[in-house]
Structures are given as structure tokens and as C-alpha cells.
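The following exercises are to be worked with the sequence and the coordinates at hand. Each task is followed by a solution in steps.

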Amino acid sequence: MQDTATAPDTRAGRLLDRLMTGLERFGNKLPHPFYLFTVLFLVLGVVSTVLAATGAGVTVPGTEERLEVKGLFSGAGISWLLENALVNFTGFPPLGTVLLMMMAVGVAERAGLLETAVRATIARAPVRVLPYVVAFVACQAHVMSDIAMLVIPPLAALAFRAAGRNPVAGLIGAFACVCAGYAAGFTVGALDALYVGITEKAAQVLPMGAEMATHLLVNYFFTASASLLLALVGGLLITKVLEPRLPQPTGDGSAPEGEEEHSGEVTPLQMRALLAAGAAVALYAAVVLTVWLMPGSPLRGEGGALVPSPC
């Protein structure tokens, strides 16, 4: 059973409450993302059409080639939009990789591998660093796709309750970190394949950009670094902002009388399966590395770089 005690009311706490309340009200006034993208599309169409009518253009960096702005809401622009609506989807460079990654993640999720890995990570975290571990795991959540928003927050709540902390803080904090850090992470998933196409299109603006080699991990340094920063910020916000604003638990962390006790612990069978899966991944990586080191390896690209397609 858990009793609660009100968090201390200080001047700094009241100021923080007003600040957070203001941010919440501002966020609630934002329109649905669908309408945001619609407004952005309309603004882009109007601005491009006006610039095209005035003969505006831009010089490609590093060359003397000048590109004229094309109006999206002109006759030619509307015709291009309708003709390329399907091509923009089917011609997206990483489409095949994205579909393959989605199938792989779907198998791993339905088999219970991803949820077990999350349980094993959070359940063994020390009490003091638990918020930071939860934030870090949540920032790797995109590998689980959207199901992460339904899996990680309840597991974080169980871990917080077992550690004698407010489970609501774990639930809210984990959900917020999943949403904020969904595009980051050390893990590789379908989003990484999606980034490849965006990076490739952006690189084509630069001189010789069309010849630049891109691969699945071309954005890995940024996403991995971002997950560390977001985990630190998320853990700090959970500890210093979220938990002090919630009732502080004073019980033993057990479930209330009459309610079923749930545990976030990993069973021995699940742990053996998780270790076996990790061993299989390590074996695969060792085989790829061995083949890459062989003379004349088909995995060697220009300059000895690893060709990413087999991975």
C-alpha cells in the first residue's frame, strides 16, 4: 500500500508550476499536426508562386548555374504535383529498406524480444539513476515503432513503483521521453532508413552531391549523440521537475490491497532467449567482419569502406 505526502511548497516551486502551466496551455492551443502541415503547404505554395512571378532564383553553391523558383500554385506547378504524387512515394530511395526494417522490427516485437530487452534494462537500474535509465531507453524506442508508446511507459511505472518512487512519474516521464527522443537513438530501425532518403535528397543540392555515397548509418553519429543529450535532459526533468510536482510515495511500493501485483522483472526463460538473440547478433557481426577483412571481399567498397547493403 502506498500513502502519499504533499511535495514541499516553495517560491521556486510555485514559479516553476506557473511556468509549466503556461507551457501546457500554449501547447494545448497548437492545432493538430495535420492542420500544421496543411498550413505549411499553403504557405509554401503561395510564397513559391509569388517568387516565381517576380523571377526570383538562386545560384547553386560552387557553380554559376542559376535555378529559377517554380510556383507550386501555377499551372505547371499543379501539373507537376499531380503527376509526381505517386512517384514521390515509389521513387523514394530507401523505400525498400524501410519496408524490410519494418518487417524485421515487427517479427522482433511480436516475438517479445524488444519488450524483454526493455524490461531487462529498466528492471536492473539503480534507484538513483532510474529516471535517466528510463529516459535513455525511451530515446531508443523508435526501433520498436509506435508500439513503444504503449510498452515502455507502463514498464517504467512498474520500475518506479518497485523502487519506491511515484509510478505516475515513471509513466509520464517515459511517455514524454519516447515522444521527444523518438527520432534519436543508438539502435537502428526503420527511421534510420527513412533518414537516408532525406539526406540523399539534401546532398543533391550541393556540387557533386548526386555522387555522394549514402547508407543506412549515414546519420548515425547525430542520432546516437542526440539520444545521450535527450536522455540526460529527460532524466533531469523527471527528477527535478516532474517528481517534485507529484505526491511523494511513503509506502513500501507494493500493490494496494485487492489489486493484482504486476512485475517488470524478466523471467529466466526470457533472459536465456535474450542472451541467445544477442549471441546470434554477435555471431552475425563477427561473420560480416571476417568476410570484410578477407582480400577481395565483396563487402569492401571504395577506400575499403564496408558496403552497407548486406547489413
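**Exercise 1.** Does glutamate 243 count as buried or exposed, and what is its relative accessibility?

*Solution.* The model is a predicted one.

Step 1. Locate the residue: glutamate 243 belongs to the loop that runs between α11 and β4 (248–249).

Step 2. Apply the cut-off. Buried means under 20% relative accessible area. Glutamate 243 has 10% relative accessibility, and therefore counts as buried.

Step 3. Look for a polar partner of the side chain. The side chain of arginine 165 lies in polar contact with that of glutamate 243, at 2.6 Å.

Step 4. List the surroundings. With residues up to four places away in sequence left out, glutamate 243 touches Pro131, Phe160, Arg165, Asn166, Ala169, Ile238 and Gln248. Arg165 thus appears among the residues touched as well as in the polar contact.

**Exercise 2.** Determine the class of accessibility of arginine 245, and identify its contacts.

*Solution.* Step 1. Arginine 245 is also placed in the loop between α11 and β4.

Step 2. Its relative accessibility is 39%, so arginine 245 counts as partly exposed.

Step 3. Once neighbours within four places in sequence are set aside, the contacts of arginine 245 are Asp17, Met20 and Thr21.

Step 4. For a distance across the fold, take alanine 169: 76 residues separate it from arginine 245 in sequence, and the C-alpha to C-alpha distance is 9.3 Å.

**Exercise 3.** Describe the environment of serine 227 from its secondary structure to its contacts.

*Solution.* Step 1. Serine 227 is found in helix α11, which covers residues 220–242.

Step 2. The relative accessible area of serine 227 is 0%, so this residue is buried.

Step 3. Within the helix, the side chain of serine 227 reaches the backbone oxygen of alanine 224 at a distance of 2.7 Å.

Step 4. Beyond four places in sequence, serine 227 is in contact with Cys139, Gln140, Ala184, Gly185 and Phe186.

**Exercise 4.** Which residues have the most contacts inside the largest nonpolar core, and which helix supplies the largest share of that core?

*Solution.* Step 1. The largest nonpolar core comprises 32 residues, and those with the most contacts inside it are Val118, Ile122, Leu130, Val134, Met144, Ile152 and Val178.

Step 2. At least two residues of this core come from each of α6 (113–123), α7 (130–138), α8 (148–162), α9 (167–180), α10 (190–203) and α11.

Step 3. The largest share, seven residues, is that of α8.

Step 4. Turn to the loop between α6 and α7, where valine 129 is placed. Its relative accessible area is 36%, so valine 129 is partly exposed. Valine 129 and threonine 239 lie 110 residues apart in sequence, with 9.4 Å between their C-alpha atoms.

**Exercise 5.** Characterise the second largest pocket by its volume and its lining.

*Solution.* Step 1. The space in the second largest pocket amounts to about 520 Å³.

Step 2. Its lining consists of 19 residues, of which Met20, Ile172, Ala176, Leu237 and Leu242 are the closest to the centre.

Step 3. Assign the lining to helices: α1 (11–29), α9 and α11 each provide at least two of its residues. The largest share, seven residues, belongs to α11.

Step 4. Connect this with Exercise 2: Met20, one of the residues closest to the pocket centre, is also in contact with arginine 245.

**Exercise 6.** In which strand does arginine 66 lie, and which residues does it contact?

*Solution.* Step 1. Arginine 66 is in strand β3, residues 66–68.

Step 2. With a relative accessible area of 44%, arginine 66 is partly exposed.

Step 3. The side chains of arginine 66 and glutamate 68 are joined by a polar contact of 3.2 Å.

Step 4. Outside the four nearest places in sequence, arginine 66 is in contact with Gly55, Ala56, Gly57, Val58 and Thr59. For alanine 56, which is 10 residues away along the chain, the C-alpha separation from arginine 66 is 10.0 Å.

**Exercise 7.** Summarise the chain as a whole: how many helices and strands are there, and what percentage of residues is buried?

*Solution.* Step 1. The protein chain contains 12 helices and four strands.

Step 2. Of its 311 residues, 28% count as buried.

Step 3. The exposed area is about 19,900 Å², and carbon and sulfur atoms supply 70% of that area.

Step 4. Among contacts between residues at least 6 apart in sequence, 68% join residues at least 24 apart.

Terms used
Residues numbered from 1 in each chain as written. Predicted model: local features only at pLDDT ≥ 70, side-chain atom pairs only at ≥ 80, totals over all residues. Heavy atoms only, no water. Buried < 20%, exposed > 50% of the residue type's maximum accessible area, 1.4 Å probe, protein only. Polar contact = N/O pair within 3.5 Å; in protein donor to acceptor, adjacent residues only side chain to side chain. Contact = heavy atoms within 4.5 Å. Core = buried A, V, L, I, M, F, W, Y, C linked by side-chain atoms within 4.5 Å. Areas by Shrake-Rupley, 256 points an atom, 1.4 Å probe, with all protein chains shown as cover. 1 Å grid on protein atoms, 1.4 Å probe; cavity = no way out; pocket = protein on both sides within 12 Å on 5 of 7 lines; lining within 4 Å. Points joined across faces, edges and corners; volume = space filled by probe spheres on them.
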